[in-house]
Amino acid sequence: MSVPIPPAAQDLFGDRIDTARAYVEVLADRGVSHGLLGPREIPRLWERHLINSLALEQFVETDSTVVDIGSGAGLPGIPLAIARPDLQVTLLEPLLRRSKFLTTVVDELGLSQRVSVVRARAEDHDGRYAVVTARAVAPLPRLVDWALPLMSEGGTILALKGASALAEVADAAQVLQRLALHSEVSQVVVHPDAEPTTVVSLRRNQ
């Protein structure tokens, strides 16, 4: 299914827009039929899902290793991998059907040299990464429990959150303090035509 490309996406993905478009078309078709996205999401796949995912990009250093917890349909891991060919991205997904979907999509998009799919729960995975990402996976205290063991020394946890991000960080204050994690809540505008996206970043206190 063809979904029109907004100018913001063209600007953000540049010469990789064809790969991004192929991914959007997969989401609009098999992503919906596999139950990973609702049909109402089709008109806003670019804005709400791909462009939204790129709000994390400015927090990720060059040549980083990234693990995307509970990747589901591949968000935000696949858009990040498309936009940033310097990254090595692992999509961590415990459900068999979803992990098979991700493996097929990664192969079809020609990303398999830089993107790997691991079928596992975060708590059962023993990899270490510079950046741990998550989108709509769990409240912060639970997310931190899963993400912290995957974070290499000096690493970062990046969570895409909604309007209640500040309240969620406040509620998790004791947990974050106990784990010596410093939190920042940022409103990121990745393009003048894009809506702001809330990013919570967590790092070890120095």
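At the heart of this briefing is an open sheet of 7 strands, ordered S3-S2-S1-S4-S5-S7-S6, with mixed pairing. Keep in mind that you're looking at a predicted model. Below we walk through the sheet, the helices that lie against it, and then a couple of side chains in helix H3 and their partners.

**The sheet**

- The edges belong to strand S3 (115-118) and strand S6 (181-188); each has a single partner strand, so one side of each is left without a neighbour in the sheet.
- On average, and ignoring direction, neighbouring strands of this sheet are turned by 20° against each other.
- Take S1 (residues 65-69) and S4 (residues 129-135): these strands pair in the parallel sense, over 3 bridges.
- If you want a spot to look at, find aspartate 68, which stands opposite threonine 133 in S4.

**Helices on the sheet**

- Helix H3 (residues 45-53) packs on the sheet, where it touches S4, strand S5 (151-161) and strand S7 (197-204). The direction of H3 makes about 165° with that of S4.
- Helix H5 (residues 96-108) lies across S3 and strand S2 (88-92). Relative to S3, helix H5 runs at about 165°.

**Asparagine 52**

- This residue is found in helix H3.
- Is asparagine 52 buried or exposed? With a relative accessible area of 16%, asparagine 52 falls under the 20% cut-off, so it counts as buried.
- The side chain of asparagine 52 makes a polar contact of 3.4 Å with the side chain of threonine 197.
- Setting aside neighbours within four places in sequence, asparagine 52 is in contact with Trp46, Glu47, Arg135, Leu160 and Thr197.

**The aromatic pair**

- How many aromatic pairs does the count come to? The answer is 1.
- The pair is made by phenylalanine 13 and tryptophan 46, with ring centres 6.2 Å apart. Their planes sit at 65°, which is over the 60 degrees needed, so the pair is edge-to-face.
- Phenylalanine 13 comes from helix H1 (residues 7-13) and tryptophan 46 from helix H3, so the pair ties together parts that are 33 residues apart in sequence.
- Both rings belong to buried residues: phenylalanine 13 has 0% relative accessibility, and tryptophan 46 has a relative accessible area of 1%.
- Tryptophan 46 also turns up among the contacts of asparagine 52.

Definitions and conventions:
Residues numbered from 1 in each chain as written. Predicted model: local features only at pLDDT ≥ 70, side-chain atom pairs only at ≥ 80, totals over all residues. Heavy atoms only, no water. Pairing = 2+ DSSP bridges. Helix = DSSP H or I, 4+ residues; strand = E, 2+ residues; numbered from the N terminus. Axes fitted to C-alpha atoms, helices over the stretch in contact; angles between N-to-C directions. Contact = heavy atoms within 4.5 Å. Buried < 20%, exposed > 50% of the residue type's maximum accessible area, 1.4 Å probe, protein only. Polar contact = N/O pair within 3.5 Å; in protein donor to acceptor, adjacent residues only side chain to side chain. Phe/Tyr/Trp six-rings, centres within 6.5 Å; stacked < 30°, edge-to-face > 60°.
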